Amino acid sequence: MTLKERGAKMRLLASVFVTAMLAATQASAKPEAIEFSDLVDPLAVVFDDPYKDMGPHLLNELKILVELDEKLSQNGLAEDERAQLNERRNVARDMLEINGQDVDALLAQRWNVAKKRQNARMATNPVLDGAEVVLSGYLIPAPQAADGSYFGYLVPQVGMCSHLPPPPPNQLVRVKLLDDPKGQSLYVPVRVSGRLSVKASDDRIFILDGEARMLSGWTLYANTIDQQEVSGRDGVNGASANPVTTGGGRWHTDNS
């Protein structure tokens, strides 16, 4: 077993341990502090992915090979064009094989691996469904819902969904609020406590200068939201002495 494989195994065991501990204390009144990585189903991310360590150059050669195979399958290509495409295809295949890649196996597995990757992005950790948790991140305010409810989205990094791509759905948390979050800054970290539920949502909201799709696998029914002290550029340390306010004092929500 290689060091990389040992590291992956240790990460899996750690994740399983965390979820087991959460399951044992789920009935406790005290919320458990979790990380965004805990939101992911630990079993969904364990699969053989032959592409992850290929590097950008070899992945690009494989992409070229697939594209050229598609072009060469078309009728009506001129003889000289077909010859040029075949020559470039052979270069790509040779490059992959020289670097120890089984080209036929890579081509045969690509759809199956793509499906497993998508599942790893979507699958939520069943242990956390209904758990009382504490999760720190950055809250993106959302428009008021049609029924008058207030919502926001909790993300692990500042700038996500605006300057940066959104997190995968199983790490994007829709937060149900009681107070209007319009006074909350996108750049101030917060700590949210409340009941977590596997409840998917798919909405589009306007963030800064554009519209973003918010595809989430979780809903967090928040009890409290506390502003955090910032250390350095993106750090999240301890709780601030002053809770977040939106004109109505500290944020408290119902659990309906």
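This report describes the fold, confidence, cavities and one helix residue of a predicted model.

**Overall architecture**

The chain is built from 4 helices and 8 strands. Read from the N terminus, these elements follow the order α-β-α-α-α-β-β-β-β-β-β-β. Of the contacts between residues at least 6 apart in sequence, 70% connect residues at least 24 apart. The chain has 256 residues, and 39% of them are buried. Its exposed area is about 14500 Å², with carbon and sulfur atoms supplying 52%.

| Property of the chain | Value |
|---|---|
| Buried residues | 39% of 256 residues |
| Contacts joining residues at least 24 apart, among those at least 6 apart | 70% |
| Exposed area | about 14500 Å² |
| Carbon and sulfur share of the exposed area | 52% |
| Mean pLDDT | 82 |
| Residues with pLDDT of 70 or more | 78% |

**Confidence**

The mean pLDDT of the chain is 82, and 78% of its residues reach 70 or more. Residues 233–256 stay under 50 throughout, although the model gives this stretch 76 contacts beyond four places in sequence. Where pLDDT is low, predicted coordinates should not be read in detail.

**Cavities**

The model holds 2 cavities of 30 Å³ or more. The largest of them encloses about 60 Å³ of space. Its lining includes Tyr 138, Leu 139 and Ile 140, and strand 2 (residues 132–141) is the element that gives the most to this lining, with 3 residues. Val 155, Gln 157, Val 158, Gly 159, Met 160 and Ser 162 also line the largest cavity, as do Leu 186 and Ile 207. By residue class, the lining of the largest cavity has 8 nonpolar and 3 polar members and no charged ones.

**Ala 120**

Ala 120 belongs to helix 4, which spans residues 103–122. Is Ala 120 buried or exposed? Its relative accessible area is 15%, and the cut-off for burial is under 20%, so Ala 120 counts as buried. Beyond its neighbours within four places in sequence, Ala 120 is in contact with Val 40, Ala 44, Val 45, Phe 47 and Asn 170. The C-alpha atom of Ala 120 lies 9.7 Å from that of Pro 169, a residue 49 positions away along the chain.

Terms used: Residues numbered from 1 in each chain as written. Predicted model: local features only at pLDDT ≥ 70, side-chain atom pairs only at ≥ 80, totals over all residues. Heavy atoms only, no water. Helix = DSSP H or I, 4+ residues; strand = E, 2+ residues; numbered from the N terminus. Buried < 20%, exposed > 50% of the residue type's maximum accessible area, 1.4 Å probe, protein only. Contact = heavy atoms within 4.5 Å. Areas by Shrake-Rupley, 256 points an atom, 1.4 Å probe, with all protein chains shown as cover. pLDDT = per-residue confidence, 0-100. 1 Å grid on protein atoms, 1.4 Å probe; cavity = no way out; pocket = protein on both sides within 12 Å on 5 of 7 lines; lining within 4 Å. Points joined across faces, edges and corners; volume = space filled by probe spheres on them. Nonpolar A, V, L, I, M, F, W, Y, C, P; charged D, E, K, R; others polar.
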